[in-house]
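Q: Please take a close look at one part of this structure and describe it for a reader who has not met the structure before. Please then follow its contacts outward to the parts around it.

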Amino acid sequence: MKKICVIFRHSPIGNASNREGLDFAMLSASFEQEVSIVFTDEAVMHLLAEQQPELVGSKDYLSTFKALSLYDIETVLVCQESAKQFGLSANDFNFEAEMASTHQIQTLIQQANEVVVY
């Protein structure tokens with residue numbers, strides 16, 4: 001079983017690669033790969049509740065993140081520094097994710113067989 005780390009770095013609005021990253025993560029997990037997800041930089045905005053991406057012409061894929069546990073994707077980390085930069089706390093998250101330090105994220109990346117950045 002490969003360990004795959006999928007890193008999201010871009011805002012949920014105006015970028016189709018995020019949806020591709022989510023599809024990749026769920027597809028990899030369905031083939032019994034050990035998938036972990038990291039949100040960093042502007043991607044921490046994925047975690048905000050009550051977003052309405054259709055108002056800016058984007059498809060609403062954000063609610064799909066709530067299904068990660070159904071795919072046995074248990075490790076979902078949020079860069080603590082990025083969350084702080086955007087004024088987010090764990091109480092703002094729309095789905096289950098854990099705040100992580102830069103060191104914790106680096107350790108996860110080092111343990112992965114593949115790292116994919118979206």
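A: V56 lies in the loop between β2 and β3, and this loop is the part chosen for the close look. The structure is a predicted model. Strand β2 covers residues 34-39, while strand β3 covers residues 75-79.

V56 has a relative accessibility of 54% and therefore counts as exposed, since the cut-off for that class is over 50%. Together with I13 and L55, V56 makes a nonpolar surface patch of about 300 Å².

D72 is another residue of the loop between β2 and β3. Its relative accessible area is 60%, so D72 is exposed. The backbone at this position deserves attention because most residues other than glycine have a negative phi. D72 is not a glycine, yet its phi is positive, at about 60°.

D41 is placed in the loop between β2 and β3 as well. Its phi is near 50°, again a positive value in a residue other than glycine. With a relative accessible area of 27%, D41 is partly exposed, because that class lies between the limits of 20% and 50%.

What does the side chain of D41 pair with in a salt bridge? The partner is R9, and the closest N and O atoms of the two residues are 2.6 Å apart. The bridge connects distant parts of the chain: R9 belongs to the loop between β1 and α1, D41 to the loop between β2 and β3, and 32 residues separate them. As a general matter, side chains of opposite charge can pair when their charged atoms come close.

R9 itself is partly exposed, at 40% relative accessibility. A further relation in space involves R9 and S82, whose C-alpha atoms are 10.0 Å apart although the two residues are 73 apart in sequence.

The bridge from the loop can be set beside the others in the model, for the count comes to three salt bridges. One of them joins E114 and K2, with 2.5 Å between the closest N and O atoms. E114 lies in strand β5 (residues 114-117) and K2 in the segment before β1 (3-8), so this pair ties together parts that are 112 residues apart in sequence. E114 counts as partly exposed at 30% relative accessibility, and K2 is placed in that class at 39%.

Another bridge is formed by the side chains of R19 and D23, at 3.0 Å from N to O. These residues lie within helix α1, four residues apart, which is about one turn of the helix. R19 is partly exposed with a relative accessible area of 31%, and D23 is partly exposed at 33%.

Strand β3, where the chosen loop ends, leads to the largest pocket. This pocket holds about 230 Å³ of space. It is lined by 13 residues, of which I73, E74, V76, E96 and A97 are the closest to the centre. Strand β3 supplies the largest share of the lining, namely three residues. By type, the lining consists of seven nonpolar, two polar and four charged residues.

In summary, the loop between β2 and β3 holds D41, which forms a salt bridge with R9, the exposed residue D72 with its positive phi, and V56, a member of the nonpolar surface patch.

Notes. Residues are numbered from 1 along each chain as its sequence is written. This is a predicted model: local features need pLDDT of at least 70, side-chain atom pairs count only at pLDDT 80 or more; totals for chains, interfaces and linings use all residues. Side-chain values use heavy atoms; hydrogens and water are left out. On a 1 Å grid over the protein atoms alone, a cavity is a set of points where a 1.4 Å probe fits but cannot get out, and a pocket is an open set with protein on both sides within 12 Å along at least five of seven lines; lining residues have an atom within 4 Å of a point. Grid points are joined across faces, edges and corners, and a volume is the space filled by probe spheres set on the points. Helices (H or I, at least four residues) and strands (E, at least two) are DSSP runs, numbered from the N terminus. Ala, Val, Leu, Ile, Met, Phe, Trp, Tyr, Cys and Pro count as nonpolar, Asp, Glu, Lys and Arg as charged, and the others, Gly among them, as polar. A salt bridge is a side-chain nitrogen of Lys or Arg within 4 Å of a carboxyl oxygen of Asp or Glu. Buried means under 20% relative accessible area, exposed over 50%, partly exposed in between (1.4 Å probe, protein chains only). Patches are made of residues with over 30% relative accessible area and no salt bridge: like charges are joined within 9 Å, nonpolar side chains (Val, Leu, Ile, Met, Phe, Trp, Tyr) within 5 Å. Accessible areas come from the Shrake-Rupley method with a 1.4 Å probe; for residues, only the protein chains shown count as cover.
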